[in-house]
Amino acid sequence: IVGVNKMDSTEPPYSQTRFEEITKEVSTYIKKIGYNPAAVAFVPISGWHGDNMLEGSDKMSWFKGWKVERKEGNGSGTTLLEALDAILAPSRPTDKPLRLPLQDVYKIGGIGTVPVGRVETGILKPGMVVTFAPANLTTEVKSVEMHHESLVEAVPGDNVGFNIKNVSVKEIRRGYVAGDSKNDPPKGAGNFNAQVIILNHPGQINAGYAPVLDCHTAHIACKFSELIEKIDRRSGKKLED
């Protein structure tokens, strides 16, 4: 969605010409970075006056509404709210093995150890036996809560706290990953191949370079053992070995 804001400040105010000019420029830009402009809603709005935010504006009678065309179904409307409502919800990766990076671990009186984090893939349920990597600790989940309410299951996108048996707060910490012990539990990796985009770097990057890698909630020092190839950041095609 592209909201063209401050329409009340154009010259003259609520100018159709200025809106069309911006739409044309931004369409060219988003096409370059891989979006289809036909599937993007362009909405002229004024956040200050509330024009076309929740209700259609009478100050832009020239605007006949936005339309989007996409494989999953077309959409149309007038306001920014309608454009937000027309977004298709992404499918959640519930069929993949459970991965839950820990954001924090609390000790709650009368309950015990409660790790907190967001489910990235898979499903977390009470009664499940989970394994924490890289410590390789296995324990049972007693209960799962979100916003102080007990859940029957937690799915990807849910920020949850879950109570576990016989594990102290000192044994697990932020950055660890919880997974289902019976279905491809998470393990530490000695090495892996990564595609790296360098946005800005003062020195030269070569084999032996040692950056700190931020992966979900973990910060790990790594080392580049070898550089395999250079690729074009736009097309993904190989440039040189």
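In this predicted model, the largest nonpolar core holds 21 residues, and the members that touch the most others are Leu-100, Leu-102, Leu-124, Phe-132, Val-160, Phe-162 and Ile-172. Where do the pieces come from? Strand 5 (100-108), strand 7 (129-133), strand 8 (137-146) and strand 10 (159-164) each chip in at least two residues of this core. Strand 8 is the top contributor, giving 4 residues. As a general rule, nonpolar side chains in soluble globular proteins tend to be buried together.

Leu-124 is a good place to zoom in. Leaving aside residues up to four places away in sequence, Leu-124 touches Leu-98, Leu-100, Val-130, Val-141, Val-144, Glu-153, Ala-154, Val-160 and Phe-162. Of these neighbours, Leu-100, Val-160 and Phe-162 also turn up among the core members with the most contacts to other members. There is also a second core, separate from this one, made of 18 residues, including Met-7, Tyr-14, Ile-30 and Val-43.

Now for the cysteines. How many disulfides does a search of the whole structure find? The search comes back with 0. For Cys-215, the closest cysteine sulfur belongs to Cys-222 and lies 9.2 Å away, so the gap is too far for a bond; a disulfide would need the two sulfur atoms within 2.5 Å. Cys-222 is likewise in no disulfide, with the sulfur of Cys-215 as its nearest cysteine sulfur.

Are these two cysteines buried or exposed? Each falls in between: Cys-215 is partly exposed, at 44% relative accessible area, and Cys-222 is partly exposed too, at 22%.

Technical notes
Residues numbered from 1 in each chain as written. Predicted model: local features only at pLDDT ≥ 70, side-chain atom pairs only at ≥ 80, totals over all residues. Heavy atoms only, no water. Core = buried A, V, L, I, M, F, W, Y, C linked by side-chain atoms within 4.5 Å. Buried < 20%, exposed > 50% of the residue type's maximum accessible area, 1.4 Å probe, protein only. Contact = heavy atoms within 4.5 Å.
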